[in-house]
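Biologist: I am new to this structure and should be grateful for a close look at a single part of it. Please set out the overall arrangement beforehand, and then turn to one helix and the loop that leads to it.

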Amino acid sequence: MSKKVAIIMGSDSDLPVVKNAVVELNNFGVEYELHVMSAHRTPTEACEFSTNAEKNGFGIIICCAGMAAHLAGVVAGHTILPVIAVPMKSSVLDGMDALLSSVMMPKGVPVATVAINGSANAGILAVQMLALSDETLAQKLRDMKKSMADGVRQKDANINEKLKELL
């Protein structure tokens, strides 16, 4: 059985974007827990959660935060588990501040970072990491990739008909 994925949001207002990671984890049948914790407003809880995550059955932690976005770095500093950052778009700097805060980690504290608001890819990346030791998940990923490729091939087969409709 695969490990669980923790998804930590800096604010409950992130949920409309974060739900995309949940959808992907559900698609693959991966167990997860969703939490709201802040690197700045609840640092003790964030540190305790990440320090105990491994012994509590988690294999990966996804952190979603905007603006200064220190959540992923704080979590990564307290665990050996892989941490995936999802920089959240905000009204200030369109999420570039969160992106840069997420990718600029010091040596020894790596954080994998997906696109701004890229929580769906964070969910898929978590599944890929878990699939390294779970052949069932690996096969589901192969099936997903095949389905994606088949969809592109079908669009290629239909593109000339679409062009005729536009002309």
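Modeller: The protein, seen here as a predicted model, contains six helices and five strands. Read from the N terminus, these elements follow the order β-α-β-α-β-α-β-α-β-α-α. The C-alpha trace extends over about 60 × 40 × 30 Å along its principal axes. Of the 167 residues, 41% count as buried. Among contacts with a separation of 6 or more, 65% join residues 24 or more positions apart.

The part to examine is helix α4, which comprises residues 96-103. Its buried residues are Asp97, Ala98 and Ser102. These three lie on the same side of α4, because they cover an arc of only 130° around the axis. The cover over them includes the strands β3 (58-66), β4 (83-88) and β5 (112-113).

The loop between β4 and α4 holds Leu93. Most residues other than glycine have a negative phi. Leu93, although not a glycine, has a positive phi of about 65°. With a relative accessibility of 57%, Leu93 counts as exposed.

Another loop offers a useful comparison. Ala69 lies between β3 and α3 (71-76), and its phi, near 50°, is likewise positive in a residue other than glycine. Ala69, however, is buried, with a relative accessible area of 4%. Thus a positive phi occurs in the exposed Leu93 and also in the buried Ala69.

Key: Residues numbered from 1 in each chain as written. Predicted model: local features only at pLDDT ≥ 70, side-chain atom pairs only at ≥ 80, totals over all residues. Heavy atoms only, no water. Buried < 20%, exposed > 50% of the residue type's maximum accessible area, 1.4 Å probe, protein only. Helix = DSSP H or I, 4+ residues; strand = E, 2+ residues; numbered from the N terminus. Arc of directions from axis to C-beta. Contact = heavy atoms within 4.5 Å.
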